[in-house]
Amino acid sequence: MRITAVTCVKNEGPFLLEWIAFQRVIGVTDFLFYSNDCTDATDRLLDQLATHGILAHLPNPATNRNYQMQALKDAKKQKVVKQADWVWVADVDEFLNIHVGDHTIPALIAACGDPQAISVTFQFFANNGVEAFEDRPVIEQFQHSHNPDIWCDQTAIEVKSLVRRDFPLSYYGAHRPFHDEEKHPAPQWTDGSGRPVPPRFRKRANKRRIRAFPARHARGHATLNHYALRSLDSYLVKNDRGDVNREHRAFDDSYWRERNDGGFHDPSILRYAEPLKAEMDRLKSMPGVADLHQEAVALHRAKRDALLAQEGYRQMRDQLRAASPFPPVEDALRKELEIT
């Protein structure tokens with residue numbers, strides 16, 4: 001079974017080896033990376049891995065800021081995608097945690113009945129008070145999340161999708177495949193428990209739910225662990241990717257607060273810790289790879305230091321340190337109910 005992972009990156013250098021190694025552990029055989037405007041050795045590390053046959057790396061073809069969608073449009077015509085039995089569209093902060101069989105993608109596919117697509121529900125993992133960036137696996141550092149069935153005030157939570165070669169595909173979306181509903185009204189399509197996805201999701205009947213459906217009981221066979229925050233250091237660097245100067249500007253901490261609910265402990269992904277380490281060590285043993293990884297780590301820390309030389313980023317750091325532990329909608333409800 002050939003499984004191709006497709007992803008877009010910008011300045012993810014310190015996290016690349018963990019993500020690639022993890023995907024290989026769960027059964028991904030091929031990778032197609034698109035990168036743009038990297039300053040932390042991401043592109044050079046990908047090029048080095050490409051020379052060892054680990055992945056394919058292309059410059060993002062986007063002609064505007066719609067980087068992901070233009071890359072996915074291009075991916076459809078690339079050989080590494082066309083030859084795949086399954087395509088997995090995901091980001092470098094997303095890890096597919098499979099609960100069945102030998103905990104690989106083929107085991108998930110079998111448990112779901114070999115459908116034409118599988119959409120697996122997110123579970124957002126909190127920062128949980130981790131301030132300093134450490135060069136060790138993200139999946140080990142962050143083990144707390146929101147209640148799996150409820151995120152903020154939402155019971156419908158976003159998904160990412162595995163797509164089989166014979167899915168009647170019009171185009172890949174970042175969260176789900178799209179198809180001609182008149183010609184192909186009901187492709188075989190399940191959630192992460194092997195249940196048919198809700199008809200309104202499949203038919204795009206509700207624009208607010210085009211990327212989401214109810215999460216309750218949807219993760220029986222797999223969960224998509226999403227580490228959107230990581231450490232406070234890394235979050236500052238992540239914020240900089242789309243905002244080069246924060247001097248004298250207000251900062252909205254809603255994104256952080258919405259994803260920083262650590263009330264639920266879920267260490268189940270640690271089942272992969274030992275094989276992940278072995279695969280990371282194998283990648284690092286390839287000529288040039290370990291050196292470029294260390295360069296990326298050093299550049300990540302240097303960017304953090306440069307940002308904290310700016311008053312605006314120091315204010316952002318302090319604001320996040322002091323942020324309410326509740327998302328904005330929950331804070332508003334607590335105030336309305338006079339809960340202290």
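Phe15, Ala132, Phe133, Glu134, Val138, Gln141, Phe142, Arg230, Ser231 and Ser234 line the second largest cavity of this predicted model. Its volume is about 40 Å³. By residue type, this lining divides into five nonpolar, three polar and two charged residues.

A search of the whole structure gives two cavities of 30 Å³ or more. The largest cavity has a volume of about 50 Å³. Its lining is made up of Asn11, Glu12, Phe15, Arg230, Ser234, Val237, Lys238, Arg241 and His300. Phe15, Arg230 and Ser234 appear in the linings of both cavities. Two residues around the largest cavity are nonpolar, three are polar and four are charged. Helix α8 gives the most to this lining, with three residues. Rolling a probe the size of a water molecule over the atoms shows where such empty space is left.

The model also has pockets. The largest pocket has a volume of about 1000 Å³. It is lined by 30 residues, and the closest to its centre are Glu12, Gln68, Asp91, Lys238 and Arg241. Among these, Glu12, Lys238 and Arg241 also line the largest cavity. The pocket lining divides into nine nonpolar, eight polar and 13 charged residues. Several elements take part. At least two lining residues come from each of β1 (3-9), α3 (67-75), β6 (117-124), β8 (156-164) and α8 (232-240). Helix α8 gives the most, with three residues. Thus α8 gives the most to the lining of the largest pocket and also to that of the largest cavity.

Strand β8 holds Glu158. The side chain of Glu158 makes a polar contact with the side chain of Arg211, at 2.5 Å. Arg211 is also one of the residues in contact with Glu158 once neighbours within four places in sequence are left aside. The others are Val120, Thr121, Phe122, His175 and Ala212.

The fold as a whole comes next. The protein chain contains 13 helices and 14 strands. Its radius of gyration is 20 Å, close to the 20 Å that the globule rule gives for 340 residues, so the chain is as compact as a globular protein of that length. The C-alpha trace spans about 60 × 55 × 40 Å along its principal axes. Of the 340 residues, 53% are buried. Contacts often join distant parts of the sequence. Among contacts with a separation of 6 or more, 78% are between residues 24 or more positions apart.

Two residues stand out for their backbone angles. Most residues other than glycine have a negative phi. Asp37 is not a glycine, yet its phi is positive, at about 50°. This residue lies in the loop between β2 (30-35) and α2 (42-51). Asp37 is exposed, with a relative accessible area of 51%. His103 likewise has a positive phi, of about 65°, and is not a glycine. The loop between β5 (94-98) and α5 (105-111) holds His103. His103 is partly exposed, with a relative accessible area of 24%.

Key
Residues are numbered from 1 along each chain as its sequence is written. This is a predicted model: local features need pLDDT of at least 70, side-chain atom pairs count only at pLDDT 80 or more; totals for chains, interfaces and linings use all residues. Side-chain values use heavy atoms; hydrogens and water are left out. On a 1 Å grid over the protein atoms alone, a cavity is a set of points where a 1.4 Å probe fits but cannot get out, and a pocket is an open set with protein on both sides within 12 Å along at least five of seven lines; lining residues have an atom within 4 Å of a point. Grid points are joined across faces, edges and corners, and a volume is the space filled by probe spheres set on the points. Helices (H or I, at least four residues) and strands (E, at least two) are DSSP runs, numbered from the N terminus. Ala, Val, Leu, Ile, Met, Phe, Trp, Tyr, Cys and Pro count as nonpolar, Asp, Glu, Lys and Arg as charged, and the others, Gly among them, as polar. A polar contact is a pair of N or O atoms within 3.5 Å; within protein, one must be able to donate a hydrogen and the other to accept it, and residues adjacent in sequence count only if both atoms are side-chain atoms. Contact means heavy atoms within 4.5 Å. The radius of gyration is taken over C-alpha atoms; the globule rule is 2.2 Å times the number of residues to the power 0.38. Buried means under 20% relative accessible area, exposed over 50%, partly exposed in between (1.4 Å probe, protein chains only).
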